[in-house]
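I set out to record how the parts of this chain meet, and then to look up a few local features of its backbone and side chains. The entries follow in the order in which I made them.

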Amino acid sequence: MKNIAVIGAGTMGNGIAHTFAQSGYKVNLIDISKESLQKGLDTISKNLDRMVSKEKITEADKKATLKNIQTFIDIPSGVKNVSLVVEAATENEDLKLKIFEQLDSNCDEDTILATNTSSISITQIASKISNPSRVIGMHFMNPVPVMKLVEIIRGYNTSDKVTKTIMNLSEKLGKSPVEVNDYPGFVANRILMPMINEAIETLYNGVAGVYEIDTVMKLGMAHPMGPLQLADFIGLDVCHSILEVMYKGFKNPKYAACPLLTNMVRAGKLGVKSGEGFYDYSEKRKAENVSKQFS
């Protein structure tokens, strides 16, 4: 397995492409526009520059990594003669289902089809594939080149062979794969999102402020960042979407998004990517200044 296709050049997609390319795989990076692809390549280049400056890789390693990546603006061309496709498009079920319908029509019969979804049912996605046994979840963590964990999610029909192949491949990337079963939120987000939502509820109910909540969790629970800072980093819209998937899947009110989170998403206060969430990122991308709304 040397030829890989990655669909989506956004934060997760370019990180996945970077990781495969740095490990020596030939990567076809696919997105709908040349602008998106160039932005993705620029991000990869900047992240490689950071690694060079920290002496983790050499300049020659950077050049070799970038040389391993080709870009495509359509799926049929991008998935030709690849052994694995990793879909990393926006966390939207309808979009993912449409993409997998195209993959079923354009990929070789033995191509493994993986999705980087963080919450959407692998079994549901596989329902659009004539052979659902080759569909699996590869849930990378952000930032992909740095984070070791990959959640490997088996759909209802995912074969043992495909699962073993992807587990072994993840280890070759220098990752630590963990196999889980296909239920809403899997493991990572089933535990993480209720915690983030509860932190937002704690703020919403006036128990404590943004800084105070995050400080308690960092100093008291040894978390590397507080839950509100983490929500900003993930994207409040993404957090909201994952909670909706779990609420719909389990029909349990404990997964219902806090009204404050819903209103912030509606207002476009999405965290780091919009410049403001629970913290203000207008001057720097670090969570140092609490948003005026909460200060």
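Entry 1, polar contacts between the domains. I looked first for polar contacts between domain 1 and domain 2 in this predicted model. I found one residue pair in polar contact, with both residues at pLDDT 80 or more. On the side of domain 1 that touches domain 2, I noted two nonpolar residues, four polar residues and one charged residue. I then searched the interface of domain 1 and domain 2 for salt bridges, and the count was zero.

Entry 2, extent of the interface. I recorded that seven residues of domain 1 are in contact with five residues of domain 2. The two domains bury about 500 Å² between them, and I noted that 52% of this area is on carbon and sulfur atoms.

Entry 3, domain bounds. I took domain 1 as residues 3-181 and domain 2 as residues 189-288. Their centres, computed over C-alpha atoms, are separated by 26 Å.

Entry 4, database record. I consulted UniProt, where an unreviewed entry lists residues 3-182 as "domain: 3-hydroxyacyl-CoA dehydrogenase NAD binding". For the span 3-182 I noted 43% helix and 22% strand, and its end C-alpha atoms lie 27 Å apart.

Entry 5, salt bridges. How many salt bridges does the rule count? I obtained ten. One that I examined pairs R154 with E179, and their closest N and O atoms are 3.7 Å apart. R154 belongs to strand β7 and E179 to strand β8 (residues 176-181), so this pair ties together parts that are 25 residues apart in sequence. As a general remark, side chains of opposite charge can pair when their charged atoms come close.

Entry 6, backbone geometry. Which residues does a cis peptide bond join? I identified N142 and P143, with omega at about 0 degrees. I placed P143 in the loop between β6 (135-140) and β7 (149-154). I also noted E55, which has a positive phi of about 60 degrees although it is not a glycine. E55 lies in the loop that runs between α2 (34-53) and α3 (59-67).

How values were computed: Residues numbered from 1 in each chain as written. Predicted model: local features only at pLDDT ≥ 70, side-chain atom pairs only at ≥ 80, totals over all residues. Heavy atoms only, no water. Domains from an automatic or database assignment. Contact = heavy atoms within 4.5 Å. Buried area = accessible area lost by both parts, 1.4 Å probe. Salt bridge = Lys/Arg side-chain N within 4 Å of Asp/Glu carboxyl O. Polar contact = N/O pair within 3.5 Å; in protein donor to acceptor, adjacent residues only side chain to side chain. Nonpolar A, V, L, I, M, F, W, Y, C, P; charged D, E, K, R; others polar. UniProt positions renumbered as here; feature names shortened; annotations may be inferred. Helix = DSSP H or I, 4+ residues; strand = E, 2+ residues; numbered from the N terminus.
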